[in-house]
Amino acid sequence: MDEMNGIRIAPSILAWDLGDLERAVEISVQGRADQVHLDVIDGHFAPNITFGPGTVKALRSRTDLKFDTHLMIENPQAYVDKFLDAGSDIITFHTEVMNGSVFDDLQRTVRARGREVGLAVKPETEVPKWALERLDKVSALVVMTVNPGFSGQKLDPAVLPKLQKAREYIEENGLGTDLEVDGGVEPENVQEVVRRGGNVLVAGAGVYGKKDPVGAVAVLRERAESARRRK
Ligand code: DX5
Ligand code: ZN
């Protein structure tokens with residue numbers, strides 16, 4: 001079992017050469033990342049189109065690393081089974097495209113297969129009440145610090161108070177939910193992100209954009225751990 005709310009590094013392969021995703025996964029393995037973050041975008045929820053369950057399945061055959069699949073799609077109900085079949089370990093849905101009862105159905109579907117559920121919010125979205133009330137069923141609350149669509153954007157510091165509030169809520173309610181921060185996490189800001197309560201750190205450009213991407217995983221981890229110790 002992972003240490004509860006321990007630091008975890010989740011490289012986002014969207015930042016790598018999309019013609020060579022096998023290598024992207026291999027870099028995460030070599031860098032000893034905790035999980036690999038797979039950004040699925042449908043051209044409706046956000047202005048880009050990335051990859052689907054076929055790609056996830058193909059990558060699944062290359063590694064045992066935990067697959068953290070971030071669904072930035074309008075209609076997750078239509079695709080959840082396909083991503084489960086493809087081998088996603090954690091499937092993250094956006095609060096903006098559902099309500100509590102749709103979430104309940106999705107959650108049951110994912111749990112029935114022994115996988116985990118995440119819930120994500122865009123930078124401008126407050127975590128809705130229905131989501132707060134169900135956080136005990138959510139492995140990771142994903143706070144996006146860039147607008148969904150592309151890797152390589154700058155983290156928006158205006159989102160940090162929301163992150164901190166979410167951490168306080170989790171602690172006050174004795175929940176085990178991870179707080180995952182997604183967008184623009186870099187060695188220069190990862191300590192601030194951790195001080196504000198983030199513990200699962202997604203990094204696209206912060207890993208795959210570096211000269212030494214394998215080493216970049218450890219750099220993020222060391223900085224994050226040391227911020228955590230000084231908290
Ligand atoms: C944005 C994605 C993010 C992004 C992260 O739509 O959800 O996961 O790829 O990449 P960086 O770390 O480069 O912002
Ligand atoms: Zn993402």
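A residue counts as buried when its relative accessible area is under 20%. By that cut-off, five of the five residues of strand β4 (residues 90-94) are buried, so β4 is largely enclosed by the rest of the structure. The model is predicted. Its zinc ion (ligand 2) has protein donors that include His37 and Asp39, and Asp39 also belongs to the residues that come nearest to ligand 1.

**Zinc site**

- The zinc ion (ligand 2) takes its protein donors from His37 (NE2), Asp39 (OD), His70 (ND1) and Asp182 (OD), at 2.0 to 2.3 Å.
- Along the chain, the donors of the zinc ion (ligand 2) are spaced as H-x1-D-x30-H-x111-D.
- His37 belongs to strand β2 (residues 35-41) and His70 to strand β3 (residues 66-72), so this pair of donors ties together parts that are 33 residues apart in sequence.
- The arrangement around the zinc ion (ligand 2) is octahedral because its six donor atoms subtend angles of 71 to 171 degrees; the class requires opposite donors to be over 155 degrees apart and all others to lie between 65 and 115.
- His37 and His70 are both buried.

**Ligand 1**

- There are 19 residues around ligand 1, and those that come nearest are Asp39, Gly149, Ser151, Asp182 and Gly204.
- Asp182 has a side-chain N or O atom 2.6 Å from an oxygen atom of ligand 1.
- Gly204 places a polar backbone atom 2.7 Å from an oxygen atom of ligand 1.
- For Asp39, a polar side-chain atom is 2.8 Å from an oxygen atom of ligand 1.
- Taken on its own, ligand 1 has 380 Å² of accessible area, and the protein covers 100% of it.
- Asp39 and Asp182 are listed among the protein donors of the zinc ion (ligand 2) and also among the residues nearest to ligand 1.

**Strands β2, β3 and β4**

- Strand β2 is mostly covered, with seven of its seven residues buried.
- One side of β2 carries Gln35, His37, Asp39 and Ile41, the other Val36, Leu38 and Val40, and all of these are buried.
- The pairing of β2 with β3 is parallel and runs over seven bridges.
- Val40 has Leu71 of β3 as its bridge partner.
- The pairing of β3 with β4 is also parallel, over three bridges.
- Thr69 stands opposite Ile91 of β4.
- Both faces of β4 are covered, with Ile90, Thr92 and His94 buried on one side and Ile91 and Phe93 buried on the other.

**Individual residues elsewhere**

- Arg32 sits in the loop between α1 (21-30) and β2.
- The phi angle of Arg32 is positive, about 60 degrees, although Arg32 is not a glycine.
- With a relative accessible area of 66%, Arg32 is exposed, the cut-off for that class being over 50%.
- Thr125 is placed in the loop between β5 (116-121) and α5 (129-133).
- Thr125 has a relative accessibility of 19% and therefore counts as buried.
- The side chains of Thr125 and Glu96 make a polar contact at 2.6 Å.
- Ala140 is part of strand β6 (residues 140-144).
- Ala140 counts as buried because its relative accessibility is 3%.
- Ala140 and Asn199 are 59 residues apart along the chain, and their C-alpha atoms are separated by 9.8 Å.

Terms used:
Residues are numbered from 1 along each chain as its sequence is written. Chains are lettered from A and ligands numbered from 1 in the order in which they are written. This is a predicted model: local features need pLDDT of at least 70, side-chain atom pairs count only at pLDDT 80 or more; totals for chains, interfaces and linings use all residues. Side-chain values use heavy atoms; hydrogens and water are left out. Donors are N, O and S atoms within 2.8 Å of the metal (3.2 Å for Na, K and Ca); water is not among the atoms, so sites may look incomplete. Four donors count as tetrahedral if all angles lie between 85 and 135 degrees; four count as square planar and six as octahedral if opposite donors are over 155 degrees apart and all others between 65 and 115; anything else is irregular. Helices (H or I, at least four residues) and strands (E, at least two) are DSSP runs, numbered from the N terminus. Buried means under 20% relative accessible area, exposed over 50%, partly exposed in between (1.4 Å probe, protein chains only). A residue is near a molecule or strand if one of its heavy atoms lies within 4 Å of it. A polar contact is a pair of N or O atoms within 3.5 Å; within protein, one must be able to donate a hydrogen and the other to accept it, and residues adjacent in sequence count only if both atoms are side-chain atoms. Accessible areas come from the Shrake-Rupley method with a 1.4 Å probe; for residues, only the protein chains shown count as cover. Two strands pair if DSSP finds at least two bridges between them.
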